[in-house]
Amino acid sequence: MTIPDTTKGNPAPDITVGAGTTPSDQATAISGNDYFTFTLTPVSAVNLATLNFDIAVSGTVTGSYFVQAAIGAGSFANVGSTLSTSSSTFTTQSVSLSATQFQNLTLPVTFRIYIYDNKNGSMSDLLDNVTVDGLAVPEPSTWAMMGLGAGLLGAVQRFLRKRG
C-alpha cells in the first residue's frame, strides 16, 4: 500500500503546524499537533508488516521522528522507537507493525508521524515516500478450497497406490 504523494520526485514540504516551527522535543510535538497523518481502511482483513518512510534534514540538525497509531476509535499509542537522522540525503526508515494489534486488522488504523529536532525549528525536517507493507488474510472460503484440494490430492495418491 502506498500513500499518494503529490510531490513525487521532490522533497516533501516541511511538516509544521502549531507555531510554524519544528518542535524541539517529543512532548512539544504531541501538544502542538505537529504530525503527518493518514488512515488505512481495510476492505478485508489484513496483516500489516512495516511502515516505511524516507527522512532527511537540512543544515546541521538532528531530526527525530516517532510514530503513533490508533485502531478504530481507540486512542493513539506509540509504535516502535524514536528514529533520528542528521543526514541531508533521504534515508529510508522502517517501523515494525508485527505486533498483534496490526494482525487480522479489519478496522481503520490512523497513523501519525511526529517530527522534532534539536534546533527548535531553525532547520527543515523532511519526510517523503510513505508506504505500508502488509498482506491480506485469506477468507474462510479460501481455506476450505485449499483443504478440499489437499483432500483430493490425497485421494488420487491413494487410488494410484492401490492400482500400482
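Let's start with Asn52 and the company it keeps. Setting aside neighbours within four places in sequence, Asn52 is in contact with Thr92, Gln93, Ser94, Asn129, Val130, Thr131 and Asp133. Please keep in mind that we are looking at a predicted model.

Where does Asn52 sit? You'll find Asn52 in strand 2, which covers residues 46-57. And is Asn52 buried or exposed? Its relative accessible area is 11%, and the cut-off for buried is under 20%, so Asn52 counts as buried. One of its contact partners deserves a second look: the side chains of Asn52 and Ser94 are joined by a polar contact of 2.6 Å.

Now let's step back to the sheet around it. Three strands make an open sheet in the order 5-2-7, and the pairing is antiparallel. Strand 5, residues 91-96, and strand 7 are at the edges; each has a single partner strand, so one side of each has no neighbour in the sheet. On average, neighbouring strands here are turned by 25° against each other, if we ignore direction. Between strand 2 and strand 7, the antiparallel pairing runs over ten bridges. If you'd like a spot to find on screen, look for Ile55, which stands opposite Leu127 in strand 7.

There is another sheet to meet. This open sheet has four strands, ordered 1-6-3-4, again with antiparallel pairing. Its edge strands are strand 1 and strand 4, each pairing on one side only. Neighbouring strands in this sheet are turned by 15° against each other on average, direction ignored. Strand 3 and strand 6 pair in the antiparallel sense over nine bridges, and Gly63 stands opposite Asp117 in strand 6.

So what about the nonpolar side chains? In soluble globular proteins, such side chains tend to be buried together. In our model, the largest nonpolar core has 25 residues, and the members touching the most others are Leu48, Leu51, Phe53 and Phe111. Two or more residues each come from strand 1 (35-40), strand 2, strand 3 (63-71), strand 4 (77-85), strand 6 (109-117) and strand 7 (125-136). Which strand gives the largest share? That is strand 2, with six residues.

Let me finish with Leu51, one of those well-connected core members. Leaving aside neighbours within four places in sequence, Leu51 is in contact with Phe38, Val67, Gln93, Ser94, Val95, Leu97, Phe111, Val130, Thr131 and Val132. Ser94 may sound familiar, as Asn52 is in contact with Ser94 too. Thanks for listening!

Conventions. Residues numbered from 1 in each chain as written. Predicted model: local features only at pLDDT ≥ 70, side-chain atom pairs only at ≥ 80, totals over all residues. Heavy atoms only, no water. Buried < 20%, exposed > 50% of the residue type's maximum accessible area, 1.4 Å probe, protein only. Polar contact = N/O pair within 3.5 Å; in protein donor to acceptor, adjacent residues only side chain to side chain. Contact = heavy atoms within 4.5 Å. Core = buried A, V, L, I, M, F, W, Y, C linked by side-chain atoms within 4.5 Å. Pairing = 2+ DSSP bridges. Axes fitted to C-alpha atoms, helices over the stretch in contact; angles between N-to-C directions.
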